[in-house]
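New to this one? Take a quick look at the model first, and then we'll walk through it topic by topic.

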Amino acid sequence: MHYPDEVHRFYRPFWRRNVPVDMVESTVDLATLKQYRAVVAPTLIMVKPGVAQTLTQYVREGGTLITGYMSGIHNEFDLVVEGGYPGPLRELCGVWVEEIDAIAPDAHIDVTIGGRTVHGSIVASVIEPEGAQTIATYGGDFYAGTPAATVHTVGEGVWSSSARRSTPKA
């Protein structure tokens, strides 16, 4: 994974639709977050103190949080958190990720979403929903039929996860 590529992947759909985007720190306060209808946190690997609580409150009050794979895996000291991934975001996400596997650079895994098949790359995850709804499933191998992406309603808002990069199947 190359983090700048992931940021660009999340940003590109907004740019194509001429939707303005602001870049803010992960530790921004709730009042600032509430100015936005949606917060996109691509691969929020490190969750500093207070960030999970702020994001949870933002979603509870009607915000939408979109994030990707490996979010919530490290603490502020860049150490893997105890209790499993997505660590302090687990309740907000409504999932527990049992395992993360790297996909070879030239390989892909099929993912079905909304009746379409797309190709996933970089990682595949074994996701156990804990209140979240599955919106996409893996289409092959060990992962066949298991959740690839989820959405979780919390209070008045939603949290959505994309487990990996996807591109339409040719």
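Here is a short tour of the pocket, the cores, one helix and one loop residue. Keep in mind that this is a predicted model. Its largest pocket has a volume of about 870 Å³, and its largest nonpolar core counts 26 residues.

**The largest pocket**

- In total, 31 residues line the largest pocket. Nearest its centre you'll find Val21, Asp22, Val39, Val40 and Ala41.
- Four elements give two or more residues each to that lining: helix 1 (3–16), strand 1 (38–41), helix 3 (51–60) and strand 2 (64–68).
- Helix 1 provides the largest share of the lining, with five residues.
- Sorted by class, the lining has 25 nonpolar residues, plus three polar and three charged ones.

**The nonpolar cores**

- As a bit of background, nonpolar side chains in soluble globular proteins tend to be buried together.
- In the largest core here, the residues that touch the most other members are Leu44, Leu55, Leu65, Leu89 and Leu92.
- At least two residues of this core come from each of strand 1, helix 3, helix 4 (90–93), strand 3 (95–102) and strand 6 (123–129).
- The largest share, five residues, belongs to helix 3.
- Another core, made of eleven residues, lies apart from the largest one, and its members include Ile109, Val118, Ala136 and Tyr138.

**Helix 3 and Val59**

- Why can we call helix 3 largely enclosed by the rest of the structure? Because seven of its ten residues are buried.
- Those buried residues of helix 3 are Val51, Ala52, Thr54, Leu55, Thr56, Tyr58 and Val59.
- Val59, which sits in helix 3, has a relative accessible area of 0%, so it falls under the 20% cut-off for buried.
- The C-alpha atom of Val59 is separated by 6.9 Å from that of Gly155, although the two residues are 96 residues apart along the chain.
- After helix 3 comes Gly62, with a positive phi near 110°.

**Asn75 in its loop**

- Where is Asn75? Look in the loop between strand 2 and helix 4.
- A polar atom of the Asn75 side chain lies 2.8 Å from the backbone nitrogen of Phe77.
- Leaving out residues up to four places away in sequence, Asn75 touches Met46, Val47 and Val81.

Methods. Residues are numbered from 1 along each chain as its sequence is written. This is a predicted model: local features need pLDDT of at least 70, side-chain atom pairs count only at pLDDT 80 or more; totals for chains, interfaces and linings use all residues. Side-chain values use heavy atoms; hydrogens and water are left out. On a 1 Å grid over the protein atoms alone, a cavity is a set of points where a 1.4 Å probe fits but cannot get out, and a pocket is an open set with protein on both sides within 12 Å along at least five of seven lines; lining residues have an atom within 4 Å of a point. Grid points are joined across faces, edges and corners, and a volume is the space filled by probe spheres set on the points. Ala, Val, Leu, Ile, Met, Phe, Trp, Tyr, Cys and Pro count as nonpolar, Asp, Glu, Lys and Arg as charged, and the others, Gly among them, as polar. A nonpolar core is a set of buried Ala, Val, Leu, Ile, Met, Phe, Trp, Tyr and Cys residues joined through side-chain atoms within 4.5 Å. Buried means under 20% relative accessible area, exposed over 50%, partly exposed in between (1.4 Å probe, protein chains only). A polar contact is a pair of N or O atoms within 3.5 Å; within protein, one must be able to donate a hydrogen and the other to accept it, and residues adjacent in sequence count only if both atoms are side-chain atoms. Contact means heavy atoms within 4.5 Å.
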